[in-house]
Amino acid sequence: MPTHVLNLPAGASALWQNRLGLLLESTGEGVFGIDLAGNCVFINRAGAQMLGFAADEVMGRNMHALTHHSHPDGSPYADSDCPIFNAFRQGLPCRVDTEVFWRRDGSAFAVEYSSHPILEGEQVQGAVIAFVDITSRKRAADELQRAHDDLARANDELERRVAARTHELSQALAQLRELSAYSEQVREDERTRIAREVHDELGSLLVALKMDVNWLHKRLGEQGERTPEAAGDMRTQMRCKCQNMSRLIENAVDNVGRIITDLRPSILDHQGLWAALEWQAQEFVQSAELELAWQMDVPATLHLPEPAAIAVFRIFQEMLSNVGRHAQASAIDIAIDVQDDVLQVRVRDNGVGATRQALEAPTAYGVMGMRERARQLGGRLSITSEPGQGSCLQLLIPLELS
């Protein structure tokens, strides 16, 4: 093992020189010594190689100026602040892992070093410095810190998303409860309306029929006591009564049909969805006294499953109902067609329109109900409306054309 890489103090025996040389050369750490001027008096092979020099090129050179002259950011590092020099200037040993040493080629590497004064008696003769390249360790620590920071950010983002989703779900649940309560109220109102119609119209008709039947029964029982002339007059009265009863029965049948149609139009079962939509539109504009622009372009072979057909019909009814209740319109434009395997039902009016806040309000149960039905079909309901410019409601339902 060459000994020229070491320069031990004079007086040391050759045996100790060899032993110390072997010890310094066997370690993977860099080790060098400096005198009171900061010049290198010995350096092992590992230290010289880490600095990019041959060992004899370093001997006698100022080690601070050679390898410790700048901070990691490249700014000058005064030797008066150098912990290595302070080891012999102030007798302060140190251990540092936040700095860099600079190589011959001008590149820097993260280093951990310790510096201890060399004493001869009580006189400080210099310092010995041991250092290791901790670039890999720093890189691993930085990567670990980045991973920790990424994980912390991911956790924060996850918590934010969970909180936002929880808030959305809470709002959706509240809206669902309100919609359910509204739907139940609508059903109860409908039951009340039907019960009132049955009572007021069918009930009165049936009472009138019962009274007429009782009248006939009583008059028929008295026929045997009448003279032929009086009996003939009574038969004329009874025929008139029967005609009146027939008219009452026809009215009752009409009322029953109307109530049944309100509950479920028979045209939906007998002629299908498309005829039912056109019938509903015509019925609506006649009762609301609106002008109607009607356009329907659907394949003749297109038939929706019954649940989907009923849902589309009910959404269409609610669209028209919204126009009747809120729009104050004089004309309505209805277009129904299929584009790119999507059924489109559009209802546009020239009414007063509405604000976005009104359409998105928690109490806009009609809109909520239409959107919920559309979602159940895998579709969506879009609404475009501006105050004073009317409204456009469009139902989009994906379908498979066969």
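# Briefing: two open sheets in a predicted model

The protein has 12 helices and 10 strands, and the description that follows rests on a predicted model. Of its 402 residues, 34% count as buried. Among the contacts in the protein with a separation of 6 or more, 55% are accounted for by residues that lie 24 or more positions apart.

**The sheet with antiparallel pairing**

- One open sheet is made of 5 strands in the order β2-β1-β5-β4-β3, and its pairing is antiparallel. As a general point, the strands of a sheet pair through backbone hydrogen bonds, in either a parallel or an antiparallel manner.
- The edge strands of the sheet in the order β2-β1-β5-β4-β3 are β2, covering residues 40-43, and β3, covering residues 94-102, each of which pairs on one side only.
- Within this sheet, neighbouring strands are turned against each other by 30° on average, with direction ignored.
- Strand β1 (residues 30-35) and strand β5 (residues 123-133) run antiparallel and are joined by 6 bridges; in this region G30 stands opposite F131 in β5.

**The sheet with mixed pairing**

- Another open sheet of 5 strands follows the order β6-β7-β8-β10-β9, and here the pairing is mixed.
- The edges of this sheet are formed by β6 (291-297) and β9, and each of these strands pairs on one side only.
- Neighbouring strands in the sheet that contains β6 and β9 as edges are turned by 10° against each other on average, again with direction ignored.

**Strand β10 and its partners**

- Strand β10, which spans residues 391-398, is mostly covered, since 7 of its 8 residues are buried.
- Strand β8 (residues 342-349) runs antiparallel to β10 and is joined to it by 8 bridges; one of the pairs sets Q344 against its bridge partner L396 in β10, and V342 likewise has P398 in β10 as its bridge partner.
- Strand β9 (residues 380-385) also runs antiparallel to β10, with 6 bridges joining the two strands, and T384 stands opposite C392 in β10.
- β9 and β10 form a hairpin with 5 residues between them, and in the turn G388 has a positive phi of about 85°.

**Helices lying across the mixed sheet**

- Helix α9 (residues 273-288) lies across β6, β7 and β8, and runs at about 175° to β6.
- Helix α10 (residues 306-327) lies across β6, β7, β8, β9 and β10, and runs at about 15° to β8.

**A buried aspartate in β7**

- D337 lies in strand β7, which covers residues 331-339.
- D337 is buried yet has no salt bridge, and the nearest side chain of opposite charge, that of R346, is 5.5 Å away. The absence follows because a salt bridge requires a side-chain nitrogen of Lys or Arg within 4 Å of a carboxyl oxygen of Asp or Glu.
- When neighbours within four places in sequence are left aside, D337 is in contact with D297, V298, V342, L343 and Q344.

**The loop between β7 and β8**

- Most residues other than glycine have a negative phi, and against that background two aspartates in this loop can be described together.
- D340, which is placed in the loop between β7 and β8, has a phi near 55°, a positive value in a residue other than glycine. D340 is exposed, with a relative accessible area of 77%.
- D341 is found in the loop between β7 and β8 as well, and has a positive phi of about 60° although it is not a glycine. D341 is partly exposed, with a relative accessible area of 38%.

**Cysteines and disulfides**

- A disulfide is a covalent bond between the sulfur atoms of two cysteines, and a search of the whole structure finds 0 disulfides.
- C40 is buried, with a relative accessible area of 3%, and C392 counts as buried at 10% relative accessibility; both count as buried because the term applies under 20% relative accessible area.

Methods. Residues are numbered from 1 along each chain as its sequence is written. This is a predicted model: local features need pLDDT of at least 70, side-chain atom pairs count only at pLDDT 80 or more; totals for chains, interfaces and linings use all residues. Side-chain values use heavy atoms; hydrogens and water are left out. Two strands pair if DSSP finds at least two bridges between them. Helices (H or I, at least four residues) and strands (E, at least two) are DSSP runs, numbered from the N terminus. Axes are lines fitted to C-alpha atoms, for helices over the stretch in contact, and angles run from 0 to 180 degrees between N-to-C directions. Buried means under 20% relative accessible area, exposed over 50%, partly exposed in between (1.4 Å probe, protein chains only). Lys and Arg count as positive and Asp and Glu as negative; His and the chain ends are not counted. Contact means heavy atoms within 4.5 Å. A disulfide is a pair of cysteine sulfur atoms within 2.5 Å.
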